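Colleague: I have a model open and would like to learn how to read it. Could you take me through it feature by feature?

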Amino acid sequence: TCFKNEWRNPSPKEMLSILRMWQKYVFKNSPKSTWSRSEQAKEAYYWLRHREYFKDFEKNEFRREADDLSLSNKEFAEIYAWLLRDIGVKYDIAVVSKEDFEINSNIPSKEDFQYFIRVNLPKDTLWAYNFNMMSHLGQLPNQFEDKVVLLFNEFQETNIQNLPKVKAKIYPAEFDNRVVNELNVTWEPAGYSPANLKHRSVCSGYLKPYYQFFGVNRFDLLAIELNRFNSKGADKVLSNKKFALTKKFLEERRSEENALRNEFFEAQRLSDYVGLNLTYKNFQLVKDGRWHDQPQLEFLENYSLQGLINAVGDEDYVIAAGRLLGDQIALSEEELDRGEVDIRMLCARSYCHNIKIEIPDGYKVEGLSAFNRKVENSTGGFISKAWVEGNNVVIETKKYYNHKFEKSENWPLLVVFLQEAYAVSQLSLVFSQIN
């Protein structure tokens, strides 16, 4: 099996047009060669993504799927390789099979392989894969974890058995696959007062795409792309007439797009706070998470919860603070006894909550010690701590999974910290007036 014959070099006419636009773009932004080759290699990825995005708008009349570009990963890799050669940056063509296989036997058909690029920079190595409007350099799909990646050169006739082999980068749970929730809770001690929440979410790694798909809409994409590239003098891919129609169409649809986004995130919060009355107010995108140097998705939400705070007598209040951890897993008897079934998960990952609850003047707080928990083992853990800081109660929790796969015999270890997380989610704090 040889990959060279499967690698299509773009036609000289096709590439000449692309190279001319790219070189013109570089000259406008780096007339005295202030961009290093590494900087050009990184910029070329996003410039090519931008160019194809607007080409697709020209062809596809604003379809939702315009977020996914018509170029396949392999076609993108072929064009990107040309740009890297023009820049003078070394790279490898990388292939990975959709199925596991042994290198010396049981080789899948060529249709089962996916192509991408490993960019070999002087101080860094970046993968270029998953070419769509949400992708960025250095991002690989989670199904590539622990996969053998084969590297080849399109100018060499090399048999598959002789290709260099590496492992794709695995995102660790500790940083990359993480959702961090920061919640600021304010309330008034007056009857059955609602809790007002300002909720900041930061999503990374393999946990990001789910929220990103709904959180970054078409209007956001258009505004971000135009702001970044037109300010740098990128050539317009759309004709002036088509561009005007595109912008007008998206402006008219902006309220509809935002309403759909709010509807999705409201549903997410309703599932977090089952049994409480939620009033969803607004959503604000802070960072879109589409760039290798800013890979995190960040957004803000404002909403209120009726039923989180309950009056006890004339002066005291009980706040179900544990509910702010969202919907934690409550294991049934059947789930506890799952037998000899191995556990497969999306990825190693972590979920963090940093919660601040305002303490009204003249009140004290009871019940903090119950939130101080720590359970850790080889499969993961749950850590919780609470204290008073100024006029706020601070609760910090972290639940994490060390692996994407666990043998069935490790299920009891997972159960220990899952039950601990659920127990904390059922805890409350008492706010009583100081006599």
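**Reading the pocket, the sheet and the confidence**

Modeller: Happy to. This is a predicted model, and we can start with its largest pocket. That pocket is lined by 27 residues, with Y211, D272, L325, D327 and Y351 lying nearest its centre.

Colleague: How is such a space found, and about how much space lies in the largest pocket?

Modeller: Rolling a probe the size of a water molecule over the atoms shows where empty space is left. Here the largest pocket holds about 620 Å³.

Colleague: Which element gives the most to its lining?

Modeller: That is α6, with four residues. Among the elements that each supply at least two are also β6 (178-186), α4 (208-215) and β13 (349-358). By character, the lining has 14 nonpolar, eight polar and five charged residues.

Colleague: Now the open sheet of four strands: what is its order?

Modeller: Strands of a sheet pair through backbone hydrogen bonds, either parallel or antiparallel. In this one the order is β10-β11-β19-β14, and the pairing is antiparallel. β10 (309-312) and β14 (363-366) are at the edges with a single partner strand each, so one side of each has no neighbour in the sheet. From one strand to the next, the twist averages 25 degrees. β10 and β11 (residues 316-319) pair over four bridges, and V312 stands opposite D316 in β11.

Colleague: Where does pLDDT stay under 50?

Modeller: Where pLDDT is low, the predicted coordinates should not be read in detail. Here that applies to residues 61-67 and residues 103-108. Across the protein, pLDDT averages 83, and 82% of the residues score at least 70.

How values were computed: Residues numbered from 1 in each chain as written. Predicted model: local features only at pLDDT ≥ 70, side-chain atom pairs only at ≥ 80, totals over all residues. Heavy atoms only, no water. pLDDT = per-residue confidence, 0-100. Contact = heavy atoms within 4.5 Å. 1 Å grid on protein atoms, 1.4 Å probe; cavity = no way out; pocket = protein on both sides within 12 Å on 5 of 7 lines; lining within 4 Å. Points joined across faces, edges and corners; volume = space filled by probe spheres on them. Nonpolar A, V, L, I, M, F, W, Y, C, P; charged D, E, K, R; others polar. Pairing = 2+ DSSP bridges. Axes fitted to C-alpha atoms, helices over the stretch in contact; angles between N-to-C directions.
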